[in-house]
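Biologist: Could you walk me through this fold and tell me what each label rests on?

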Amino acid sequence: MRHDVIERYELGWMGVSVVLVVLLFVGVLASMISDTLPGVVESRTRFVDPAHLETTAYAKPGLHEENGELHAYVVARAFTFTPSVLTIPAGRRVTFHFTAADVLHGVQIEGSNINFELIPGHEGVASATFRTPGTYTSACNEYCGAGHQNMAFKLIVENAK
Ligand code: CUA
């Protein structure tokens, strides 16, 4: 092969890699701008006593407004989530708090970045804004016992009335 031919091949493949890099950049940028996935703003793990959930905010599971912010508390327990159906308004930021009361469970809300392994004693906290009304389901995704396959969580996102 002649020297200038090899250079032409190299130039061609360099062009291909530049196109791929540009496409990757545009793709990431487009998904950030279009906001098609509810982005998790912050996510952290905190500690909570599983034997005394009644002394914590989990005593009243469900959606609460605290100082103008929406917080949802969900307890996973063999073999149900409490609440098992949670309704939130579309377009409003909600901070989700999940914990497990007995054994290991898991939750992943379809169409979002919320994905927690629920360990007793630990609290999964994440804020997200769901813009698209609909029903988002999650099966418990950690094996937790005989009723594991029937353990499900449903998030309903509704337009504000
Ligand atoms: Cu709970 Cu599997």
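What follows is a short chat about strands, burial and contacts.

Modeller: Before we start, this is a predicted model: local features need pLDDT of at least 70, side-chain atom pairs count only at pLDDT 80 or more, and totals for chains, interfaces and linings use all residues. Residues are numbered from 1 along each chain as its sequence is written.

Biologist: What makes something a helix or a strand here, and how many of each does the chain have?

Modeller: Both are DSSP runs, numbered from the N terminus: helices are H or I with at least four residues, strands are E with at least two. By that rule the chain comes to one helix and 11 strands. Along the sequence, the helix comes ahead of the strands, in the pattern α-β-β-β-β-β-β-β-β-β-β-β.

Biologist: Why is Ala126 called buried?

Modeller: A residue is buried if 20 or more other C-beta atoms lie within 10 Å of its own, exposed if 12 or fewer, and partly exposed in between, with C-beta atoms placed from the backbone. Ala126 has 21 within 10 Å, so it counts as buried. Ala126 is found in strand β9, residues 122-129. Of the chain's 161 residues, 23% count as buried.

Biologist: What makes you say β2 is hardly covered?

Modeller: Strand β2 (residues 62-66) has five residues, and the count of buried ones is zero.

Biologist: How do you know that β2 and β3 pair?

Modeller: Two strands pair if DSSP finds at least two bridges between them. Five bridges join β2 to β3 (residues 69-77), and the two run antiparallel, so the pairing rule is met. Leu63, for one, has Ala72 in β3 as its bridge partner. In the hairpin they form, two residues lie between the strands, and Asn67 takes a positive phi near 50°.

Biologist: Why are β5 and β10 said to stand at the edges?

Modeller: Three strands form an open sheet in the order β5-β11-β10, with mixed pairing. β5 (85-89) and β10 (134-139) each have a single partner strand, so one side of each is left without a neighbour in the sheet. β10 pairs with β11 (residues 152-158) in the antiparallel sense over six bridges, and Ser138 stands opposite Phe153 in β11.

Biologist: What share of the contacts comes from residues 24 or more positions apart?

Modeller: Two residues are in contact if their C-beta atoms, placed from the backbone, lie within 7 Å. Among contacts with a separation of 6 or more, residues 24 or more positions apart account for 66%.
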